[in-house]
Amino acid sequence: MDKFGKHGRSGFVRTRIPRPQVLLQPIQPSGHPGVCRNCACRMSRFPQKSSSELLQSECRHSRADSSSNLAMDTFWLEVESIKESTECEPDECNLTDAKPPEEGEAEAEWLQDAGLSDLIGDHAAENGNSVLLSTLTKTQAAAVQRRLDTYTRSRRKKNKQPVRDVRDIFGVETEPETNLEMDRSHRKSASSNNIQKTDPMETQEFPSPLRGSAREELFSTEIAYSEQAAILLKGSFPRESRRIKDESCLPKFKIPKGRLGVTKIGDLSLQDMKKIPTLALIELTALCDVVGLELKRNKAVKRKAAERKLFGVSLGTLLENDEKLFPNTRVPLILQALLSCLEKKGLDTEGILRVSGSQSRIKSLEQKLESEFYTGFFQWDEVHQNDVSGLLKRFIRELPTPLLTAEYLPAFAAVQNIPDLKQRLQALNLLILILPEPNRNTLKALLEFLRLVVTRERKNKMNLWNVSTVIAPNLFMHKGLPNKIPEGKEKQLAEGAADVVRMMIHYQDLLWTVASFLVSQVRKLNESSSRRYQFCDRRIKNLLRKINLDKEKTEKNHGEPSKIVKVQASPFLKDSLEVRLTSGTKAADVLRQFQKNLCQNGWNIVNTVKLIKCNGSVDTMNLLFYEVGGNISEHCLDPDTYLLDLYHVNPHAEWVIRQNPSFPRTL
């Protein structure tokens, strides 16, 4: 039985629920009052449409748009289905209405979430934020400066103790500008000039992917997205805001691999991944500032936790309970069971996800799972697939907080307002990195299943747009969020929400990447954590310049044509493996060398049972190459990583060969 433990580059692994023959200790069911029934107006972030209105809507449009309109009709029918499923539920929900934040309050919360809380308050500390500030790019620093400036003004208006001027923090002289566009234009120009002077990829262009057909486009992660946006603005590249309904016309994006390879979510240790959300939030804010999009966030939704074990329970609680049975579980077992059931007998069902099951059967199924799921005796073969798909959507909706989080759900919805497709994907990539790990892992499991549904389109009649329109209401509608849909914007917002879901399904491999510039910032944070810079207001500008110069020196440090390093393979060998690195040596080359010599040259083999195939050869797919220590906690390397370049970036790291914890993969 596979457990969803730490996964390497091989991908996503699901924990399987024990079948009836595997007995677990029964868990006594507790009382479970129904999930709260919120008032219809609060649940309906999108207005209801009657069946007659749906028919009239279809007749009004041209034949060319009929398939798109039919898909949007599916969206409204899904909204109706969600309403019907909540009509008979008791009202036991404790909700807090969202109220507009006071001036400066949103900026204070942003600074706290960005790891810069020491810059605010009556007794702002200086040393705590120097390391983080020293890693920021020009556009990122401008985003911090803008929020700190707004916070400072709000504090002064309230006649509280004066706080430091933003110029004291960044050591620059700025003239107060009342024109926001003038200030933004100034920062974009400065950012563009800075990139051209310091970045080795200064001549690379970033064309809009909407200009061509479904050709392959580059998706660079070496340069900060906000800096790329500044370059685009300076070049005055045309923007197109139209939606591409035909997935065959969606561009294909490819990440150009640098010398250090590509890093996926899961390749970094938990310790390093904890630094990523803070950096991603700052970068997302900088990107939104450059493209002129206001980044709004909700307050956390306060909702009474359900007194049950499965539905209406937070992801954290579910995982805590599941890990008592299966350690290292990263996706709730109930969700894995629902997806597994649908994969086995629902993928070829016509209209799966779109055709709702019986509400009474779904409610009965939910109650039965609450009492029998953890016993291992529940008979999935007796369940109708449409009821399971309805219960899957219900599980997502009934989470105490939205799967995309209450704080960032508006940001996910606002992505549709970015005209450039590549920049929309950049924003989504950053938002996914900001998500808490349980939400991110659960979302990935859902998206992988939805991609499977789309691959069976010929049989189930559910293409990418159909699936997106069905799932969007379940992700973007939540009982704890107020209804603030401007009149006349319903269709636009509905299509936008569906388009965001479609991008997450179609480009999920791309979105689950940790950008190279973020990994570089993590390295800088780790390097500086042991030697705190003294944050001197008059010297911060010189400090930033010095760090950039040090970075250039590191990148140009290729004086050694070769280097002999030791690679540890302690699970298999008692002695380390000596490897000569040249400019062309890749991680995959070392793994092949290890494979070739594992049983030769008199090596003292400790354990190779799990690596040896039936024919006696060694399976390199079962091996992973790690960079450990130095300026990174732990990093699973891309096979195409050039090791001599990596040595120059992190000369104090140890290199280790380990067995892939998720191989062989069992689905």
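Which residues in H14 meet Asp387, Val388, Gly390, Leu391 and Arg394 in H15? Let's look around this predicted model, where local features need pLDDT of at least 70, side-chain atom pairs count only at pLDDT 80 or more, and totals for chains, interfaces and linings use all residues. Residues are numbered from 1 along each chain as its sequence is written, and side-chain values use heavy atoms, leaving out hydrogens and water.

**View 1. Helices H14 and H15 pack together.** Residues 359–372 form H14 and residues 385–397 form H15 (helices are DSSP runs of H or I, at least four residues, numbered from the N terminus). Their axes, lines fitted to C-alpha atoms over the stretch in contact, lie 9 Å apart at an angle of about 70° (on a scale from 0 to 180 degrees between N-to-C directions). That makes the two helices roughly perpendicular (65 to 115 degrees).

**View 2. The H14 side of the contact holds the answer.** Arg361, Ile362, Lys363, Leu365, Glu366 and Leu369 in H14 meet the H15 residues (contact means heavy atoms within 4.5 Å).

**View 3. Trp655 sits in strand S9.** Strands are DSSP runs of E, at least two residues, and they pair if DSSP finds at least two bridges between them. S5 (residues 562–568) pairs with S9 (residues 654–659) in the parallel sense over two bridges, with Val567 as a bridge partner of Trp655. S7 (residues 623–629) pairs with S9 in the antiparallel sense over six bridges, and here Glu627 stands opposite Trp655.

**View 4. Leu353 has many neighbours to explore.** Among the residues that Leu353 touches are Phe449, Leu450, Met462 and Ile471, not counting residues up to four places away in sequence.

Methods: Parallel < 35°, antiparallel > 145°, perpendicular 65-115°, else oblique.
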